[in-house]
Amino acid sequence: MDSARPDPDTLLKRIKDEETRQARGKLKVFFGATAGVGKTYAMLEAAHEQRRDGIDVVIGWVETHGRAETEALVDGLPRLSPREVAYGGGTLKDFDLDAALTRHPQLILMDELAHTNAPGSRHPKRWQDVLELLQVGINVYTTVNVQHIEGLNDTVAQITGVRVGETVPDSVLEQADDVELIDLPPDDLLQRLKDGKVYMPEQARHAVKHFFRKGNLIALREMALRRTAERVDQQMEVYRRDHAVTAAWPAAETIMVCVNLKSRGPMLVRAAKRMATGLHAKWIAVYVQTSKHLRLPDAERTAGIETLRVAERMGAETVTLTGDDVSRQLLVYARSRNVTKIIVGKPLRSRWKEWIFGSVVDDLVRGSGDMDIYVITGEGGPGRPMIRPLFQRTSARRYYGYASAVVLACSALSWLMAPYFGQANLIMVYLFGVALVATRWGRGPSALASLLSVAAFDFFFIPPRFSFAVTDIQYLLTFAVMLVVALLISRLATHKSRQAEAARDREQRTAALYAMSRDLATQRGMDKLASVASRHIHDVFDCQVAVFLPDGNGRVHVHRCDALHFDLDPKEAGISQWVFDHREPAGHGTNTLPGSNSLYLPLIGSQGPVGVLGVQSSKPDVLVGPEQLHLLETFANQMALALERAKLAQETQEAHFQTETERMRNAVLSSISHDLRTPLATIIGATSGLLKETGSSDPAGQRELIRSVRDEAGRLDRLLRNLLDITRLEAGAMQLHKDWHALDEVVGSALARIELRLGSHRVTASLPPSLPLVRVDGVLIEQVLINLLENAAKYAPAQTPIEVSANVKDGAIVVEVADRGPGIPAGEEGKIFDKFYRLHPQREGGVGLGLTICRGIVEAHGGRIWADVRPGGGSIFRFTLVLEKEQPAILPERAEATPVV
Amino acid sequence: MSHESSVLLIEDEPEIRRFLRNTLPHQGYRFYEAVSGGEGLAQAQARNPDVVLVDLGLPDMDGLEVIRKLREWTQMPIIVLSARGQEQVKVAALDGGADDYMTKPFGVEELLARLRTALRHAAKSQVESGDGDGFASGDLKIDLLRRHVFVGEKEVHLTPIEYKLLTTLVKHAGLVMTHRQLLKEVWGPLHVEESQYLRVYMRQLRHKLERDPARPKYLLTELGVGYRLSV
């Protein structure tokens, strides 16, 4: 089959894998059957070899157990000083992860992969430290024994009778680039043990002796060998796949393991893992949450979550489904994922219970079709980890009171009915009461109501009355049936109401989520989004919320939400950054800093992390319950998407703004270079001409040159003034020196100052003498008038009139400057006030700042400026000035209007 | 002028100094220059010039300080040179004893006119001939002895305050008077902040004296600084 080349996707994936592996550090595991086979020694030897090759090797942590040969090897290598942790009065020494990350050697030695870190460390387990080291590109050598491998834990326990608490997920071993088996035949090991070459603590000597029996050692050795062989096998497979070696390759298997809340969960998961590894199959751990589970004590629910976590660590995909029909949920999901094998635990219920209530396993087997169902036995142990009290405190005590009251009421009603109705009808009354209690107050009270009903019925209505004694034996059957029916009713009714409750819960969550999405959709900007989302999360989860957003350098900082008080532990200052960098949750209920009372979730958008969400609750365990956590993650996802959207929008806007600024800058440069250079060219040209022609016979020509120098210099002066004004306006440095002014005076001053530049235009000013005083900065308002008048003079044809007027309108003074020029083209009325905007750029004139300055000054005075088309041709510029409510006080002069003669 | 008047320029900008150095001697002035406040004060003592031109932005000393030190011993006219947009500084300089100001850039005609005005005032106050007997500029005639004001041939009736305002300006005709100075002289020292009085009475005066009050010929406004009666 020469066509069996690897398909491109697989090839790409392989290359990608290779790339990640290259960026990551390499992991080499020295793997042994038990302690004492010489793993640490082998690791140190290998390290020395690397060091001889010039590799930067550092010992992160090594246990020599005081053995001389090992100590000798340690001495030649640089060693990271341990971190000292205060614990219970004394100090514990442990590996210092941060120091290792800072030191960043090429190769680090980490003995005892399964070690549990000192409390308060970043990660609870050493293997997690190792993963972090690998992630930053540090190569790691480590050692581990077969009994510490999670997937083999059960088997080892079965063989040796000793269960090891410290385990390493199988996935860690699978990630290893190299596994070196350190093998020692059992007899040699026992000899070494006898020679005292194997370290063992004094107090554990007996247990250890029990462990180191020859039979155990053989079994452990076999497991280690097999594990290594399997690995070699896998490598072979990978090789064959990569090189398109055609082989009998089983169709892709998918295994689904159904986890319930029993303690057997981990067993099931391990079994699934073994099967998945054997079949090279993908596997999924599924947990179906029913309305019943919502009522379980927290501890029991946590066991279920813990099982899912174990599965996740072993490399499974984990899924939580909700619904009361467990088998149906499982089958539907299994089909959607093309599951080929389903693993379930063997039911522990008694047969009659199964008979009445049905069994998940039976339903699964019946509905599985072509899927294989594996039913696995749990280890002996208790069927249930927790003995549930007969009457759970799920119903409050007073509900039992209500139940009794209902029965009492039924008895009273029956008493009234008794003379007219048969006993069968009276039973109906009681059953009705039971049903009522069940729907209202749950299972416990309804069970009580059932019992009380039977008792009351017997007491009041069965002869002999007012006694529990029964004369007719057939009534016993009546009681039995009545009791069973009552209990059944109560069960069904509570079940229904619980379902309704679950539905209501779901609906509430959906509603909450919808409410947040809706609010997020209406908000713009990262800050607002973060605030809105934190408020919603705060409301729904009843927790304190902090949002951390990255700055330009990828450092996250807490976003200020003034209303919510998130108690940021300074010890956890780096945790949000860690979460952001690693895109993994941390804090309470996770593997990283589990001792924290806050939970940090990464906010991951479609293109990478956009921030970190921190939540803090007085009841953190509730927060990490499966439903809550799931919902919280959904909220976080929504939030992340919204934030990402905002971020993209912001970036687009910034890009747009940048091109706009660029355009503006070009306009400024061209304006300045043109408008400043033109007058300078004239001045330089004219003056150099004058210098050359000193004593020339043409005094009129000289005067002409001199005049043009003066005019051009004046133009330069005005240009610079405009540029200065706009700069001051934009820098906010324009101070208003307000004083009372008469507008006619300001107009007069402006006219006087630009007299020369008005040319042949006739300017008329019509300002009523009654015009009130205005409180303005006279110099600046004069500048506005000058700019407007100059514009009018520039654009309107010679000889045409320019009119200045002012009047009071709607509590403000409106000043008008009207001309008979070409007017402003429609649609440009707004733009002409923009900076550097010119109607006719090619025509000589200013830089396009005059009107911008006008607008700046008028707006600084709280007024408005705009341009209109003038009826009959031309344009009118209008601006308003705020009219103070009160005119300044002026005491009248003593009336006597004639000068004294 | 009978004798050649002397002008002292205190200015650190070499180009401005060169400009005046090449202009004033041709117009019949003796010209001295100083590049700093300290040197300027020394020169003023040594040369006793008829007019001092002071730039407000000196490297070693505040221009206002130079004016204050000069006013400690002399009444010689001081004209301030400053940039536009510094109205507050100008007012401070005028209130601090300067007689007039000029905004850079300025032309020769304007400079010469200011120098003439300043010298004339100095001469008048030296002679101390009271208010003189009258003032005339264009159509405007004021008979100070009989207290008559004419525009063209027509007599204009003024209120006492209007008249006082006008005569105060006449006393300093051609020179700028700050709001503060006018308010103090006409309304008294308690009213120096109440510029609204000035606005109202100036408007009344203009309506009585000017042909086009919006484009005055005699009563000129120096926005942000004060008023000047043109000569």
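Which residues of H8(B) are buried? Before we get there, a few words on how to read this model. It is predicted, so local features need pLDDT of at least 70 and side-chain atom pairs count only at pLDDT 80 or more, while totals for chains, interfaces and linings use all residues. Residues are numbered from 1 along each chain as its sequence is written, and chains are lettered from A in the order in which they are written.

Let us start with confidence. The predictor gives the complex an ipTM of 0.86 and a pTM of 0.46. Chain B has an average pLDDT (confidence in each residue, from 0 to 100) of 87, and 94% of its residues score at least 70.

Now look at helix H8 of chain B, residues 195-209 (helices are DSSP runs of H or I, at least four residues, and strands are runs of E, at least two, numbered from the N terminus). Its 15 residues reach 21 Å from first C-alpha to last, close to the 21 Å expected at 1.5 Å a residue (1.5 Å times one less than the number of residues). Its buried residues are B:Ser195, B:Tyr197, B:Leu198, B:Arg199, B:Tyr201, B:Met202, B:Arg203, B:Leu205, B:Arg206 and B:Leu209. Buried means that 20 or more other C-beta atoms, placed from the backbone, lie within 10 Å of the residue's own.

Turning to chain A, you will find 27 helices and 24 strands. Of its 901 residues, 33% are buried.

Finally, see where the chains meet: 31 residues of chain A and 28 residues of chain B take part in the contact (C-beta atoms, placed from the backbone, within 7 Å). On the chain A side, H25(A) gives the most, with eight residues.

Technical notes: Two residues are in contact if their C-beta atoms, placed from the backbone, lie within 7 Å. A residue is buried if 20 or more other C-beta atoms lie within 10 Å of its own, exposed if 12 or fewer, and partly exposed in between; C-beta atoms are placed from the backbone. pLDDT is the predictor's confidence in each residue, from 0 to 100.
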